[in-house]
Amino acid sequence: MSLIDQFEVEFNELSNFELTEGSLQEIQPVEIAGVVNQEINRIEQQLQENEFLESITIYLSNHDYKRLLKHENLLKEGLENLIQKTAKLKSKENLSNTSIVLKQDSELDKGIIKSIPLIFNSQTKVEISTIYILEINGLKKILEQQTYVLGRGTDADIQINDPGISRKHLAIEINEKIVVTDLNSTNGTFLNEEKITVLEIDESVNLRIGQTQLSIYRETK
């Protein structure tokens, strides 16, 4: 029996099978478990040294969220247990303490799930009130106050597997301000399809390098 099958059996038993009668359009807990499993398989290949997966936030439609709310704690515990078992099976210590957050998103239709993982660097000081987030195709990384080089090469601080990205494509400097500098990349760095060389950011920005979408922004803890 797979870990997802185990999750489904255990959840149904502990919830007295209360959610098994939902319509085809309604989200079942096992579907959320499948999304979490897909995220783990995707993320484990991208985690770098000193990084760990802090949380996965699951966004549901208002309808699905309210339907599952009664069993929220049971669902979170089951999903976190699924991640722990998967981490042990894969010998991935940096996945073993991942938490699950459930939120509702009024823009989502019934039956749709959106997931956002949050990656933390173990050297980041967590007591600060403002953190800096780099989001790469929906994958979040928390940045310290330093300079990061992004690129395809193995010597980049943050490696991105995209053939349209140079080995050292751009630098992100996190200080009192956020400064993005293109490192003479072959295909360029784009803001709204306009190629940029140096960009100073006050709050947030969305960029494109190769086929990869980047978002950089501040977030208050």
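The following exercises, each with a worked solution, concern a predicted model of a single chain.

**Exercise 1. Overall description**

Determine how many helices and strands the chain contains, and what share of its residues is buried.

*Solution.* The secondary structure is counted first: the chain has four helices and 14 strands. Next comes burial, where 48% of the 221 residues are classed as buried. The extent of the C-alpha trace along the principal axes is about 60 × 35 × 35 Å. Finally, among contacts with a separation of 6 or more, 58% join residues 24 or more positions apart.

**Exercise 2. The nonpolar cores**

Identify which elements supply at least two residues each to the largest nonpolar core.

*Solution.* The core itself comprises 26 residues, and those with the most contacts inside it are Ile32, Val36, Ile56, Ile58, Leu75, Leu79 and Ile100. The elements that each supply at least two residues of this core are helices H1 (3–14), H2 (29–43), H3 (62–68) and H4 (72–90), together with strands S1 (51–60) and S2 (99–104). Ile58 serves as an example: beyond its neighbours within four places in sequence, Ile58 contacts Ile32, Val36, Ile100, Val101, Leu102, Lys103, Ile113, Lys114 and Ser115. There is also a second, separate core of 22 residues, including Ile165, Leu170, Ile178 and Ile201.

**Exercise 3. An aromatic pair**

Classify the geometry of the pair formed by Phe7 and Phe11.

*Solution.* The search of the whole structure yields one aromatic pair. In this pair, the ring centres of Phe7 and Phe11 are 6.0 Å apart and the ring planes meet at 25°. Planes under 30 degrees apart count as stacked; the pair of Phe7 and Phe11 is therefore stacked. As to position, both residues belong to helix H1 and are four residues apart, about one turn of the helix. Phe7 and Phe11 are both buried.

**Exercise 4. Two residues compared**

Decide whether Ser166 and Ile172 are buried or exposed, and locate each in the chain.

*Solution.* The criterion for burial is a relative accessible area under 20%. Ser166 has a value of 12% and is therefore buried. Ser166 is placed in the loop between strand S7 (158–159) and strand S8 (170–174). With neighbours within four places in sequence set aside, the contacts of Ser166 are Gly151, Arg152, Ser185 and Thr186.

Ile172 has a relative accessibility of 0%, so this residue is buried as well. Ile172 lies in strand S8. Under the exclusion of neighbours within four places, Ile172 contacts Leu134, Leu143, Gln146, Thr147, Tyr148, Leu150, Ile178, Val179, Val180 and Ile216. Between the C-alpha atoms of Ile172 and Gln159, which are 13 residues apart along the chain, the separation is 13 Å.

**Exercise 5. The pockets**

State the volume of the largest pocket and the classes of the residues in its lining.

*Solution.* The largest pocket holds about 260 Å³ of space. Its lining consists of Arg42, Gln45, Gln46, Gln48, Ile136, Asn137, Leu139, Lys141, Gln159, Ile160, Asn161 and Thr212. Sorted by class, this lining gives three nonpolar, seven polar and two charged residues.

For the second largest pocket, the volume is about 200 Å³. Its lining has 16 residues, of which Glu49, Glu51, Asn121, Tyr148 and Asp157 are the closest to the centre. Strands S3 (113–121) and S5 (139–143) each contribute at least two residues of this lining. The classes here are six nonpolar, five polar and five charged.

Definitions and conventions: Residues are numbered from 1 along each chain as its sequence is written. This is a predicted model: local features need pLDDT of at least 70, side-chain atom pairs count only at pLDDT 80 or more; totals for chains, interfaces and linings use all residues. Side-chain values use heavy atoms; hydrogens and water are left out. On a 1 Å grid over the protein atoms alone, a cavity is a set of points where a 1.4 Å probe fits but cannot get out, and a pocket is an open set with protein on both sides within 12 Å along at least five of seven lines; lining residues have an atom within 4 Å of a point. Grid points are joined across faces, edges and corners, and a volume is the space filled by probe spheres set on the points. Ala, Val, Leu, Ile, Met, Phe, Trp, Tyr, Cys and Pro count as nonpolar, Asp, Glu, Lys and Arg as charged, and the others, Gly among them, as polar. A nonpolar core is a set of buried Ala, Val, Leu, Ile, Met, Phe, Trp, Tyr and Cys residues joined through side-chain atoms within 4.5 Å. Buried means under 20% relative accessible area, exposed over 50%, partly exposed in between (1.4 Å probe, protein chains only). Contact means heavy atoms within 4.5 Å. Rings of Phe, Tyr and Trp (its six-membered ring) pair if their centres lie within 6.5 Å; planes under 30 degrees apart count as stacked, over 60 as edge-to-face and the rest as tilted.
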